[in-house]
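Biologist: I'd like to get to know this protein one piece at a time. Can you take my questions as we look?

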Amino acid sequence: MRPILYQKAPIERLTREPGHWFYGYYDVQPFSADNEYHLIHRVDFENRMTRAHDTATVGLIRLRDNFFEPLDDTLAWNFQQGSLLRWTPWAPNDEVMYNTVSYFKLVTKILNVKTGESRLWERPTATVADNGSVALSINFPRIYGFRAGYGYACLPDDFANQKTPADDGVWRIDPATGKSELVLSLQQCFELAAPYMTEEERSWKYLINHITLNPSGTRFVALMRGKPERLGGGWRTFTITANTDGSDAFLMMKSVASHYHWKNDEEILFYANDWDNDRWGLYLMNNRTHDALRMDPENHMPTDGHCIYSPDRKWILNDTYPIDGYRRLFIHNPANGKKMDLAALAAPATSSFSDPDLRTDLHARWSPDGTQISFDSVHEGTRHTYRIRVEDIPLAEIE
């Protein structure tokens, strides 16, 4: 099997041996605002799930020569999202933020990469507004017990014996002080969704698996998930939106919901079933109603993928899980429905792993100015991070 089945533009590898390299999630920013650096994680293994004392090195890749500069080690990481390492919105060329452990407590560390000065927030960060006005935190050790590839092994869940705790859920962080407050509890989320649950589902243990702020930091979307204790049972997702103080909470979807990206402060691009569960697909949804516009009526996007708008919202970058041994990376033009396949990259089947979350998703993401795309891949045999320059993509073909 060829490492690359096809490609529409040159692909540059940013990372080098030894080690296993990845950035992480698709909706977090790895590029500095001046496009001089790309953030990265390096780990010493990739064939088993994380354990309590495993560390990841966080660092910078200097893009002019791909030189790697390590910054710190962290215990708070996983294979799908890393430590949620990112540039801060208020200093996107100078400061990075990532989750770590300090005095046996999960925190956010904000580090100036030029001076070495740092400060801590009292909780780990899950999402931060594009304008830096607010951040949100969730319980990552709780996620580890549900999906280890998205949670942290380093510390236990303080609410492990509670199915829908009233003292845990969505925490709001004030970036100015690093202090936090609980704004929407898991119990409140459960009560919002309970009318649509079966009797068995009301007995399940629930958690917040994913959460993201809208660009202005006025509302968030959260995926509350639960599953039965019995073997073989699948999970169920309830999608909730709310103001960042927890008010005006709304049950947006009551069934299958997967990857998403905010188009603006009110609309979210979502791989999901619509409210009536009529059809799985890619929808543009209003976060306060059940209105849904089908975005891919010709089924150009073959599977669930990590969908993300370009900074100017002109393009949708997307990927697939392995199809016939290859992950596909492609760009969709929502104005006319045309699609361009950028690359097909060799990848083992998800079923080949001892835990499916050990897989390496492409998680493609844009630079802040939309001139570059980076992604993680194993098509050369181990985890590495790659770059495509947008100027090399013949986008005129789908305009």
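What follows is a chat about single residues, strands, cores and salt bridges.

Modeller: Happy to help, and keep in mind that this is a predicted model.

Biologist: Let's start with Ile 61: is it buried or exposed?

Modeller: Ile 61 sits in strand β5, which covers residues 56–62. Anything under 20% relative accessible area counts as buried. Ile 61 has a relative accessible area of 1%, so it is buried.

Biologist: How far apart in space are Ile 61 and Phe 45, C-alpha to C-alpha?

Modeller: Leaving out neighbours within four places in sequence, the contacts of Ile 61 include Leu 14, Tyr 37 and Phe 67. Phe 45 is 16 residues from Ile 61 in sequence. From C-alpha to C-alpha, the gap between Ile 61 and Phe 45 is 20 Å.

Biologist: And Asp 324, is that buried or exposed?

Modeller: Asp 324 belongs to the loop between β24 and β25. Its C-alpha atom is 8.5 Å from that of Ala 349, which is 25 residues away along the chain. The cut-off for exposed is over 50%. Asp 324 reaches 68% relative accessibility, so it counts as exposed.

Biologist: Back to the inside: which strand gives the most to the largest nonpolar core?

Modeller: That core has 71 residues, and Ile 208, Ile 211 and Phe 220 are among those with the most contacts inside it. Five of the core's residues come from a strand covering residues 205–213. The strand giving the most is β15.

Biologist: How many residues are in the other core, the one with Phe 250 and Tyr 283?

Modeller: This other core lies apart from the largest one. Ile 268 and Phe 270 are also among its residues. The number of residues in it is 13.

Biologist: How many of the six residues of β28 are buried?

Modeller: In general, side chains in a regular strand alternate between the two faces of the sheet. In β28, Gln 372, Ser 374 and Asp 376 point one way, while Ile 373, Phe 375 and Ser 377 point the other way. Both sets are buried. The strand is mostly covered, and the buried count is six of six.

Biologist: How many bridges join β28 to β29?

Modeller: First, β28 pairs with β27 in the antiparallel sense over two bridges, with Arg 365 partnered by Ser 374. β28 also forms a hairpin with β29, with six residues between them and a positive phi of about 110° at Gly 381 in the turn. Asp 376 has Thr 385 of β29 as its bridge partner. The two strands run antiparallel, and the number of bridges joining them is six.

Biologist: In helix α2, which residues are buried, and why do they count as being on the same side?

Modeller: α2 covers residues 186–193. Its buried residues cover an arc of only 100° around the axis, which puts them on the same side of α2. They are Leu 186, Cys 189, Phe 190 and Ala 193.

Biologist: Now salt bridges: how many residues apart in sequence are the parts tied together by Glu 397 and Lys 8?

Modeller: The count comes to 22 salt bridges. In the one between Glu 397 and Lys 8, the closest N and O atoms are 2.9 Å apart. Glu 397 lies in the segment after β29 and Lys 8 in the loop between β1 and β2, so the parts they tie together are apart in sequence by 389 residues.

Biologist: Which residue forms a salt bridge with Arg 13?

Modeller: Arg 13 is in strand β2, and its partner is in the loop between β28 and β29, so the pair ties together parts 367 residues apart in sequence. Arg 13 is partly exposed at 28% relative accessibility. The closest N and O atoms are 3.3 Å apart, and the partner is Glu 380.

Biologist: Last one: what is the relative accessible area of Glu 266?

Modeller: Glu 266 makes a salt bridge with Arg 288, with the closest N and O atoms 2.9 Å apart. The two residues are 22 residues apart, each in a loop. Arg 288 is partly exposed, with a relative accessible area of 34%. Glu 266 is also partly exposed, and its value is 29%.

Conventions. Residues numbered from 1 in each chain as written. Predicted model: local features only at pLDDT ≥ 70, side-chain atom pairs only at ≥ 80, totals over all residues. Heavy atoms only, no water. Helix = DSSP H or I, 4+ residues; strand = E, 2+ residues; numbered from the N terminus. Buried < 20%, exposed > 50% of the residue type's maximum accessible area, 1.4 Å probe, protein only. Contact = heavy atoms within 4.5 Å. Core = buried A, V, L, I, M, F, W, Y, C linked by side-chain atoms within 4.5 Å. Pairing = 2+ DSSP bridges. Arc of directions from axis to C-beta. Salt bridge = Lys/Arg side-chain N within 4 Å of Asp/Glu carboxyl O.
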